[in-house]
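Colleague: Hi! Could you pull up the structure so we can go through it together?
Modeller: Sure, here it comes.

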Amino acid sequence: MITLRPRCLLGQRFPVQKTMAIEQDEIEKIAALARIRIEPAQVGQVTRRITEILRMVDQLQAVDTSDIEPMANPLDATALLRADEVTEVNRREAFQAIAPAVENGLYLVPKVIE
Amino acid sequence: MYDKTVAQLSAGLQAGQFSSVELTRSFLARIAALDGVYNSFISVAGEQALAAAAAADERIAAGTAGPLTGIPLAHKDIFCTDGLRTSCGSRMLDNFVPPYDATLISRFKRDGAVTLGKTNMDEFAMGSSNESSYYGAARNPWDTGAVPGGSSGGSAAAVAALLAPAATGTDTGGSIRQPAAFCGITGLKPTYGRVSRLGMVAFASSLDQAGPMAHTAEDCAWLLNSMAGHDPRDATSAPRAGEDYRAGLEDSLKGLRIGLPREYFGDGLDAATGACIQQALRELEALGATLVEVSLPHSHLTIPTYYVIAPAEASTNLSRYDGVRYGYRCDNPSDLLDLYTRTREEGFGEEVKRRILVGTYALSAGYYDAYYKKAQQIRRLIKQDFMDCFAQVDLLAGPTTPGPAFPLGAKTDDPVAMYLEDIYTLAVNLAGLPGMSVPAGMVEGKPVGMQLIGQHFGEARLLNVGHRFQQATDWHLRRPANLAVEVA
């Protein structure tokens with residue numbers, strides 16, 4: 001029989017180290033940066049949900065990481081270089097065929113310059 | 001014909017007991033008859049599948065077939081398939097028909113496998129229950145009132161319901177292993193970089209990895225043989241050749257040292273699930289393995305670390321959906337900004353938008369160091385915990401999930417509770433390690449999975465342990481009720 005000392009991992013909700021409350025206007029700013037419209041009536045609800053997530057995340061702040069190198073790739077691998085050769089063919093028509101709006105080989109968007 | 005492993009089907013095809021067209025027709029008929037209940041497929045290939053099956057039969061007749069030639073497979077709807085809609089479970093890509101194949105799909109085509117269709121999934125692979133899919137939740141074949149797990153829930157449900165002999169999935173934080181556990185099948189998340197990500201819709205690029213889902217570890221080895229290997233078109237693909245993952249399946253487990261992370265057996269683990277895992281560990285001991293208690297001291301930081309890194313990378317990756325080049329576009333945009341913001345409001349679901357906002361916040365000026373850099377530093381500590389364990393043991397074992405599949409709707413109103421579902425699986429992605437779930441018991445009529453965690457590029461050893469375990473147990477042979485419908 002294997003006996004293991006129980007240790008609380010899931011039983012408790014995460015302790016709040018520091019309450020990182022986020023204000024509604026800050027959510028609106030973030031949404032603008034992310035180019036996502038939020039229905040005005042839903043901003044409060046979105047703010048509450050994101051505050052819950054940020055509170056959970058905030059326990060990271062309690063850890064001393066002063067000498068730790070950030071890890072971007074789990075294998076600490078760096079991108080490989082390849083020979084500078086043309087390997088792709090031009091498939092403009094195939095790509096344009098799946099676009100929402102095209103004309104004369106161009107992608108159409110609302111008028112930008114008056 | 002439909003309740004056989006890939007290995008058995010391959011033998012039947014080679015021996016001429018049935019053709020790939022017959023086999024493919026049988027699975028397509030089962031999907032048509034039964035998937036109204038399970039909702040495990042978003043798109044079914046139909047004619048394309050039968051054409052591929054006919055081509056496979058020609059290869060078999062000509063003697064040029066490989067092990068997977070003529071085998072029907074289901075692919076998660078995250079892999080681009082040339083000429084077959086790839087929605088990623090999102091309204092944003094509901095109309096997206098890719099003009100190219102993902103490398104994984106090309107490799108299966110090269111080897112003659114047949115694509116049955118594309119499976120249901122949480123939107124952009126963000127979820128642990130399949131409930132965030134634009135196409136509605138898939139159902140767990142063991143209990144259609146329960147979730148199949150996620151995000152690769154459709155793939156797991158399709159295999160468990162015998163609608164496909166095997167499937168592919170992707171795993172960013174547990175999305176192969178957790179649904180495999182909930183649906184009573186075997187699922188392997190390979191080492192980060194082992195399988196090409198080209199043509200796999202990106203969620204979190206430093207975590208995403210594709211892998212096989214099947215009834216047995218042996219079948220997972222067969223599929224991984226096709227999937228694994230360096231892809232020069234994916235800059236994060238590991239520059240090393242694939243290997244024959246079938247070669248070492250029968251190796252003895254004598255002398256194998258298995259570490260049991262004490263943090264994975266704590267209060268949060270459902271008692272009956274824990275008892276199943278203890279019993280499974282005794283099986284491994286009986287097969288010659290030695291069990292050693294180990295510790296992953298930073299485990300409690302896994303969820304917060306993941307929920308900075310994954311949303312940050314997602315917010316960057318999903319910035320490409322702009323309503324201009326492909327995918328959904330809102331009606332009558334008044335200007336360019338309105339086009340972007342309304343397309344993204346209408347095209348993305350709630351959880352995806354939530355994660356984009358969290359990620360944008362974590363990467364925004366003034367918060368980058370406090371969130372993203374901090375999480376990357378703690379990610380290194382989490383990986384180091386595993387490396388310290390592997391100085392003492394060959395692999396780790398524990399539960400895949402805290403309990404069996406939960407009821408539909410139980411956690412949809414509480415995102416943080418949903419995130420806790422992945423408590424035992426997330427760290428494996430943060431550390432880039434291979435992890436596998438194998439059926440290891442039943443609780444209240446629902447399957448339980450045991451997770452095995454290997455060293456980097458140690459997939460062969462995991463598959464070996466899974467295979468030996470499955471030779472000694474019959475959990476992988478259990479089937480849900482009501483599946484034995486003979487379809488004409």
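Colleague: In E6(B), which residue is the bridge partner of Gly187(B)?
Modeller: That is Met213(B). One thing to keep in mind as we talk: this is a predicted model.

Colleague: Thanks. In what sense do E5(B) and E6(B) pair, and over how many bridges?
Modeller: The two strands pair in the antiparallel sense, over two bridges. E5(B) covers residues 186-189 and E6(B) covers residues 210-214.

Colleague: And which residue in E10(B) stands opposite Gly187(B)?
Modeller: Ser437(B) does. E5(B) and E10(B) run antiparallel as well, joined by three bridges.

Colleague: What about the faces of E5(B), are they covered or open?
Modeller: Both are covered. Thr186(B) and Leu188(B) are buried on one side, and Gly187(B) and Lys189(B) are buried on the other.

Colleague: Let's move to helices. How many residues of H7(B) are buried?
Modeller: Eleven of its eleven residues, which run from 217 to 227. Among them are the charged-looking names you might ask about, Glu218(B) and Asp219(B), along with Trp222(B) and Asn225(B).

Colleague: What does the backbone do just after H7(B)?
Modeller: Gly229(B) takes a positive phi there, about 135°.

Colleague: Which residues that are not glycine have a positive phi?
Modeller: Ala125(B) is one of them, at about 65°, and Glu444(B) is another, at about 50°. They catch the eye because most residues other than glycine have a negative phi.

Colleague: Where do they lie, and is each one buried or exposed?
Modeller: Ala125(B) lies in the loop between E3 and H5 of chain B. There are 31 other C-beta atoms within 10 Å of Ala125(B), so Ala125(B) is buried. Glu444(B) is in the loop between E10 and E11 of chain B. Glu444(B) has 13 other C-beta atoms within 10 Å and therefore counts as partly exposed.

Colleague: Which residues does the cis peptide bond join?
Modeller: Gly150(B) and Ser151(B), with omega about 10°. Ser151(B) lies in the loop between E3 and H5 of chain B, and Ala125(B) lies in that loop too.

Colleague: Switching topic: at what angle do H9(B) and H11(B) pack?
Modeller: About 95°, with their axes 7 Å apart. The two helices are therefore roughly perpendicular to each other.

Colleague: Which residues make that contact?
Modeller: From H9(B) there are Val308(B), Pro311(B), Ala312(B), Ala314(B) and Ser315(B). H11(B) brings several residues, including Arg355(B), Ile356(B), Val358(B) and Leu363(B). By class, the contact has eight nonpolar, three polar and one charged residues.

Colleague: And the largest nonpolar core, which members touch the most others?
Modeller: Leu73(B), Leu116(B), Val159(B) and Ala164(B), out of 168 residues in that core. Leaving aside residues up to four places away in sequence, Leu73(B) touches Phe108(B), Val114(B), Leu116(B) and Ala164(B), among others.

Colleague: Now something on the outside. Is Asp331(B) buried or exposed, and where does it lie?
Modeller: Asp331(B) has 7 C-beta neighbours inside 10 Å, so it counts as exposed. Asp331(B) lies in the loop between H9 and H10 of chain B. Its C-alpha atom is separated by 57 Å from that of Leu281(B), and the two residues are 50 apart along the chain.

Colleague: We haven't talked about chain A yet. What elements are there in chain A, and in what order do they run?
Modeller: Chain A has three helices and two strands, and from the N terminus on they run α-α-α-β-β.

Colleague: How much of chain A is buried?
Modeller: Buried residues make up 17% of its 114 residues. As for contacts in chain A between residues at least 6 apart in sequence, 56% join residues at least 24 apart.

Colleague: Last one: how many residues does each chain give to the contact between them?
Modeller: Chain B gives 72 residues and chain A gives 50. On the chain B side, the elements that give two or more residues include H8, E8, H9 and H12. H12(B) has the largest share, eleven residues. The chain B side divides into 37 nonpolar, 18 polar and 17 charged residues.

Note on methods: Residues are numbered from 1 along each chain as its sequence is written. Chains are lettered from A and ligands numbered from 1 in the order in which they are written. This is a predicted model: local features need pLDDT of at least 70, side-chain atom pairs count only at pLDDT 80 or more; totals for chains, interfaces and linings use all residues. Two residues are in contact if their C-beta atoms, placed from the backbone, lie within 7 Å. Helices (H or I, at least four residues) and strands (E, at least two) are DSSP runs, numbered from the N terminus. Ala, Val, Leu, Ile, Met, Phe, Trp, Tyr, Cys and Pro count as nonpolar, Asp, Glu, Lys and Arg as charged, and the others, Gly among them, as polar. A residue is buried if 20 or more other C-beta atoms lie within 10 Å of its own, exposed if 12 or fewer, and partly exposed in between; C-beta atoms are placed from the backbone. Two strands pair if DSSP finds at least two bridges between them. A nonpolar core is a set of buried Ala, Val, Leu, Ile, Met, Phe, Trp, Tyr and Cys residues joined through C-beta atoms within 7 Å. Axes are lines fitted to C-alpha atoms, for helices over the stretch in contact, and angles run from 0 to 180 degrees between N-to-C directions. Angles under 35 degrees count as roughly parallel, over 145 as roughly antiparallel, 65 to 115 as roughly perpendicular and the rest as oblique.
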